[in-house]
Amino acid sequence: MFLHEVIIAGFGGQGILSAGRLIAYAGMLDGREVSFLPSYGPEMRGGTANCMVVVSDEPIASPVLNSCTALIVMNNPSLEKFESYLKKDGVLITDSSLVQKKPVRDDIRSFELPATLMATDAGNKAFSNIYLIGKLIKETGIITPESFEKALYGVLSKSKHYLIPQEMEALKAGMDY
Amino acid sequence: MAVVFDRPHALVDIPMHYCPGCTHGIAHRLVAEALDELDIEGRTVGVSSVGCSYNNYFYFNCDMIQAAHGRAPAVATGVKRSLPDNIVFTYQGDGDLAAIGTAEIVHAAARGENITVIFINNTIYGMTSGQMAPTTLLNQVTTTTPYGRDAKEHGNPIRVCEMLSTLKGPAYIERASLHDIKNIKKAKEAVKKAFKVQMAGKGFSLVELLSTCPTNWGLDPLESLDRVKNEMMEYYPLGVFAGKDLEV
Amino acid sequence: MGERLLMKGNEVIAEAAIRAGCRHYFGYPITPQTEIAHYMAKKMPKVGGVFLQAESEVSAINMVYGAASTGKRVMTSSSSPGISLKQEGISYASGAQLPAVIVNIMRGGPGLGGIQPSQSDYFQATKGGGHGDYHLIVLAPSSVQELYELTVDAFNLADQYRMVAMILGDGVLGQMMEVVNFRDEEPIVKADKSWAASGHGMKREHNTVTSIHLDPAVLEQWNIALQDKYKTISEKEQRFELYKCDDAEIIIVAYGSVARIAKNVVQVAREEGIKVGLLRPITLWPFPTKAFEQVIDKPNAFLTVEMSSGQMLEDVMLAVKGRKPVHFTGRMGGMIPKVDDIMAKIREIRAD
């Protein structure tokens with residue numbers, strides 16, 4: 001059964017929610033059932049932010065996740081909070097430019113990626129989330145890069161479309177890392 | 001035989017329930033005459049409020065809506081936004097408009113909502129038997145100010161026309177009085193003008209009518225008219241507070 | 001098939017209202033439903049409709065009262081504390097028999113409470129809420145698709161029965177995104193609106209919209225007419241979903257976003273060999289007692305799960321009428337029940 005339950009967590013402003021929304025959008029374009037549940041409230045204005053994304057072949061029972069098959073973390077508190085949510089053999093992807101802590105579990109597949117540094121070096125820090133999505137695609141196959149590109153066109157306003165080639169390069173760099 | 005005086009068509013032919021000497025009946029007539037003379041009864045929707053005039057939907061021949069206490073300007077806003085080509089008025093007392101409904105009247109005025117407000121100021125709550133209103137004058141005895149209204153204890157009376165005329169929204173605000181024929185004639189012109197302002201799409205219009213409440217004032221009808229002239233008009237001066245030069 | 005879009009629950013409610021012919025929306029900001037107002041502010045001017053940000057929830061509901069009095073389709077939305085402020089107007093609209101749609105995207109209470117999802121306004125929504133003997137039709141969607149379909153239905157039901165219909169959701173439903181399939185054309189029920197106060201054009205007697213009847217004999221007759229209407233609705237409009245109840249030894253009763261979690265529980269339990277089913281009320285008023293009559297024989301017990309202290313629980317007990325044990329588990333204050341917690345309760349019930 002094709003079932004991916006993803007939690008993405010970090011600080012507000014890191015593109016946590018837009019990453020989740022893009023994955024859900026791309027999953028829909030791949031013809032799958034999807035749900036996206038963002039955290040909301042004061043944390044969106046600078047505190048912690050997280051979202052839950054489900055991509056599945058079956059109708060989705062609940063958009064609220066108590067466990068997940070993959071976890072992307074972009075700060076230390078999020079690793080502490082959500083590591084226990086990962087199912088056995090689940091995929092953990094950390095932005096190692098910001099997360100110094102190491103996972104405590106050894107029954108998961110853990111990957112580190114200095115996404116924020118890579119994005120800063122490439123000239124657009126705002127794309128750090130895209131590198132991480134690239135790695136997620138590589139390790140889980142949750143969505144296709146083609147649908148991700150279409151999702152960018154669907155989600156971004158026209159005035160931002162010129163950035164999409166750079167974002168696809170970021171995605172590829174994440175996949176290849 | 002020539003008819004020289006008749007009931008306006010916009011008033012239903014039934015007896016009113018108001019006390020002897022109460023000026024509500026005059027105010028109703030002025031509104032009805034305006035609807036007749038401007039030929040707008042058929043496209044007018046009135047909003048009655050809570051207070052002695054709560055059931056004036058029985059008395060006006062146009063379509064009527066009964067609103068919750070103080071909410072008539074919000075209800076009228078909903079009506080006007082749904083039927084922008086219709087004429088919409090509220091008929092509110094001082095407790096309804098200037099106490100519980102302060103937010104609604106201020107914001108309807110601030111938006112310049114294209115409605116007409118008929119505001120009856122008799123300085124007291126009539127229907128619930130004579131309690132202090134936001135317009136009750138200092139030293140006035142009511143059932144909730146048995147020793148007279150004291151500014152320190154109960155605050156000062158609110159002058160609605162003056163307050164609302166500080167806003168940019170209102171197109172026309174006038175205070176008139178119903179205590180004698182001369183002033184009733186002036187009041188009629190004010191009410192009519194308020195509707196004409198709305199018909200011209202100029203925005204919010206309000207006419208305050210200084211009125212009597214013999215029953216709760218403990219005065220007879222004639223003494224009540226004197227009180228309007230001698231006591232109320234000093235604190236509530238007559239005149240146009242917004243739209244002085246507005247031609248409609 | 002119409003458009004297939006990934007949309008946020010709150011935005012879908014607004015879009016559904018517009019598709020249902022609603023051209024008047026009056027609101028006041030409050031989390032977690034404010035996206036409804038944002039969407040309306042953007043879209044209403046483009047479809048010739050009215051969006052107005054009122055000075056308060058109290059004013060917003062009274063603007064709804066005014067617009068509904070003219071016979072127009074009208075909506076307001078808020079979240080728990082704001083819905084409390086609207087109760088006066090809801091009672092008046094119910095008394096005056098006005099059709100309107102009100103959305104409550106619930107958050108934790110009492111008081112200012114919090115902003116996270118909750119179901120603790122169940123009593124308020126289903127038992128009256130304001131003063132007087134009245135009911136609202138209360139619809140409880142559990143997916144974004146259902147937010148769309150039930151919002152359209154709410155307008156039809158409100159018009160058909162001349163009463164207020166409420167969409168009762170929570171922060172999860174309002175904030176989540178799912179795929180929604182829009183129909184090309186909405187099934188809009190045209191209702192008689194000859195009662196409306198919209199100007200008689202000198203062609204008929206004047207209409208009055210009112211909730212006041214000072215003569216108690218008249219007011220009683222008015223109430224009897226309301227109750228007759230509610231009885232008809234109770235008979236005709238109950239809606240529910242039964243999921244794997246046929247062989248279930250334990251049936252979970254849950255609505256809204258909690259019903260989604262309960263579906264997960266049904267799967268997890270069955271993987272463990274425990275036969276669990278789900279009875280999901282879609283109408284909370286009228287409460288779907290018929291669903292209980294269909295399933296009452298088979299299960300050993302019912303388990304009500306709510307994001308409250310156990311409010312729907314009382315209706316479940318009334319529907320079960322003591323024939324089977326009824327258990328409860330829930331969370332409050334914006335906390336969401338977990339699959340593991342519900343499973344633990346199920347194991348506890350079985351061990352008894």
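## A walk through chain B and its neighbours

B:Cys213 is tucked out of reach of solvent: it counts as buried, with a relative accessible area of 8%. Keep in mind that this is a predicted model, and let's use that cysteine as the way in. Does B:Cys213 have a partner for a bond? What matters is how far its sulfur is from the closest cysteine sulfur. That closest sulfur belongs to B:Cys52 and is 6.2 Å away, which is too far for a bond, because a disulfide needs the two sulfur atoms within 2.5 Å.

Over in chain A, there's a similar question to ask about A:Cys68. This residue is buried too, with a relative accessible area of 0%. For A:Cys68, the closest cysteine sulfur is the one in A:Cys51, and at 11 Å it is too far for a bond. Over all chains, the disulfide count comes to 0.

Now step back and look at chain B as a whole. It is built from 9 helices and 7 strands, and its C-alpha atoms fill a box of roughly 50 × 50 × 35 Å along the principal axes. Is that what you'd expect of a compact globule? For 248 residues, such a globule would have a radius of gyration near 18 Å, and the 17 Å of chain B agrees with that.

What about the inside and the outside? Of the 248 residues in chain B, 58% count as buried. Contacts also reach across the sequence: among those with a separation of 6 or more, 67% are between residues 24 or more positions apart. On the outside, chain B has an accessible surface of about 9,900 Å², and carbon and sulfur atoms hold 55% of it. As for charge, chain B carries 23 positive and 27 negative charges, and the mean positions of the two sets are 6 Å apart.

One of the charged residues makes a nice stop. B:Glu33 sits in helix α1, which covers residues 24-37 of chain B. Buried or exposed? B:Glu33 is buried, at a relative accessible area of 14%. Beyond its neighbours within four places in sequence, B:Glu33 is in contact with B:Pro8 and B:Lys188.

Finally, how do the chains meet? There are 2 pairs of chains that touch, and the pair with the most contacts is B and C. Chains A and B, on the other hand, do not touch, with 28 Å between their nearest C-alpha atoms.

Methods. Residues are numbered from 1 along each chain as its sequence is written. Chains are lettered from A and ligands numbered from 1 in the order in which they are written. This is a predicted model: local features need pLDDT of at least 70, side-chain atom pairs count only at pLDDT 80 or more; totals for chains, interfaces and linings use all residues. Side-chain values use heavy atoms; hydrogens and water are left out. Helices (H or I, at least four residues) and strands (E, at least two) are DSSP runs, numbered from the N terminus. The radius of gyration is taken over C-alpha atoms; the globule rule is 2.2 Å times the number of residues to the power 0.38. Buried means under 20% relative accessible area, exposed over 50%, partly exposed in between (1.4 Å probe, protein chains only). Contact means heavy atoms within 4.5 Å. Accessible areas come from the Shrake-Rupley method with a 1.4 Å probe; for residues, only the protein chains shown count as cover. Lys and Arg count as positive and Asp and Glu as negative; His and the chain ends are not counted. The place of a charge is taken as NZ of Lys, CZ of Arg, CG of Asp or CD of Glu.
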